[in-house]
Amino acid sequence: QVQLVESGGGLVQAGGSLRLSCAASGRTAKMGWFRQAPGKEREFVAALRWLTTTTTYTTNYADSVKGRCTISRDNARNTVYLQMNSLKPEDTAVYYCAAAVTVTGEYAYWGQGTQVTVSS
């Protein structure tokens with residue numbers, strides 16, 4: 001069983017930055033961030049997949065955030081971060097952290113979500 005606890009959301013002006021954190025308990029093989037805006041479906045934002053050692057990983061991003069967001073991991077804290085820069089009003093959403101126990105498996109574990117609001 002994996003538990004995920006997110007933090008770091010808030011209100012920021014357009015052009016500003018936020019860093020979201022997701023602390024995981026338990027072993028995971030990949031972790032990702034998703035978001036859901038009001039009236040829209042949940043969408044993928046970014047993900048980390050561990051390679052053969054837990055100290056190295058690959059990343060991928062949605063086109064909508066590429067170049068503005070960076071996903072990273074602190075191994076010692078078993079925490080994944082999403083650094084978001086140059087935020088836009090359209091980035092406003094509830095952001096969810098998710099985890100899977102295998103690289104090819106589905107995201108079976110989800111955090112409670114953290115609200116990000118970007119004002120224009």
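A residue counts as buried when its relative accessible area is under 20%, as exposed when that area is over 50%, and as partly exposed in between. The exercises below concern a predicted model.

**Exercise 1. Determine which residues of strand β11 form its covered face and which its uncovered face.**

Solution. Step 1: locate the strand. Strand β11 covers residues 114–119, and its mean pLDDT of 98 is the highest among the elements of the protein. Step 2: recall the general pattern. In a regular strand the side chains alternate between the two faces of the sheet. Step 3: assign the residues. The covered face of β11 holds T114, V116 and V118, while Q115, T117 and S119 lie on the uncovered face.

**Exercise 2. Identify the strands that pair with β11, and state the sense of each pairing.**

Solution. Step 1: consider β2, which comprises residues 10–13. Strands β2 and β11 run parallel and are joined by four bridges. Within this pair, Q13 has S119 of β11 as its bridge partner. Step 2: consider β9. This strand pairs with β11 in the antiparallel sense, over three bridges. Here the residue of β11 that partners V94 is Q115.

**Exercise 3. Describe the overall make-up of the protein: how many helices and strands are there, and how does its radius of gyration relate to the globule rule?**

Solution. Step 1: count the elements. The protein contains eleven strands and zero helices. Step 2: examine the radius of gyration. Its value is 14 Å, close to the 14 Å that the globule rule gives for 120 residues, so the protein is as compact as a globular protein of that length. Step 3: add the outer dimensions. Along the principal axes, the C-alpha atoms fill a box of roughly 40 × 25 × 25 Å. Step 4: consider burial and contacts. Of the 120 residues, 45% are buried. Among contacts between residues at least 6 apart in sequence, 54% join residues at least 24 apart. Step 5: note the confidence. The average pLDDT is 94, and 97% of the residues score at least 70. The lowest mean pLDDT among the elements, 93, belongs to strand β6, residues 57–61.

**Exercise 4. Establish the strand order of the four-stranded open sheet and name its edge strands.**

Solution. Step 1: read the order. The sheet runs β1-β3-β8-β7, with antiparallel pairing. Step 2: find the edges. Strands β1 (3–7) and β7 (69–74) each pair on one side only. Step 3: state the twist. From one strand to the next it averages 20°. Step 4: inspect one pair in detail. Strand β3 (residues 18–25) is linked to β8 (residues 79–84) by six bridges in the antiparallel sense, and A23 stands opposite T79 in β8.

**Exercise 5. Find the disulfide, give its handedness, and explain why C69 is too far away for a bond.**

Solution. Step 1: search the structure. One disulfide is found in the whole structure; C22 and C97 form it, with sulfur atoms 2.0 Å apart. Step 2: place the two residues. C22 lies in strand β3 and C97 in strand β9 (residues 93–100), so the pair ties together parts that are 75 residues apart in sequence. Both C22 and C97 are buried. Step 3: derive the handedness. The torsion about the S-S bond is about -80°, so the disulfide is left-handed. Step 4: test C69. The closest cysteine sulfur, in C97, is 14 Å from the sulfur of C69, which is too far for a bond. C69 has 6% relative accessibility and therefore counts as buried.

**Exercise 6. For N78 and S86, give the sign of phi, and decide whether each residue is buried or partly exposed.**

Solution. Step 1: recall the general expectation. Most residues other than glycine have a negative phi. Step 2: examine N78. Although not a glycine, N78 has a positive phi of about 50°. It sits in the loop between β7 and β8. N78 has a relative accessible area of 18%, so it is buried. Step 3: examine S86. This residue is likewise not a glycine and has a positive phi of about 50°. S86 belongs to the loop between β8 and β9. With a relative accessible area of 41%, S86 is partly exposed.

**Exercise 7. State where P89 lies and which residues it touches, not counting residues up to four places away in sequence.**

Solution. Step 1: locate the residue. P89 is in the loop between β8 and β9. Step 2: assess its accessibility. P89 has a relative accessible area of 34%, so it is partly exposed. Step 3: list the contacts. Leaving out residues up to four places away in sequence, P89 touches A14, V118 and S120.

Key: Residues are numbered from 1 along each chain as its sequence is written. This is a predicted model: local features need pLDDT of at least 70, side-chain atom pairs count only at pLDDT 80 or more; totals for chains, interfaces and linings use all residues. Side-chain values use heavy atoms; hydrogens and water are left out. pLDDT is the predictor's confidence in each residue, from 0 to 100. Helices (H or I, at least four residues) and strands (E, at least two) are DSSP runs, numbered from the N terminus. Two strands pair if DSSP finds at least two bridges between them. Axes are lines fitted to C-alpha atoms, for helices over the stretch in contact, and angles run from 0 to 180 degrees between N-to-C directions. A disulfide is a pair of cysteine sulfur atoms within 2.5 Å. Buried means under 20% relative accessible area, exposed over 50%, partly exposed in between (1.4 Å probe, protein chains only). The radius of gyration is taken over C-alpha atoms; the globule rule is 2.2 Å times the number of residues to the power 0.38. Contact means heavy atoms within 4.5 Å.
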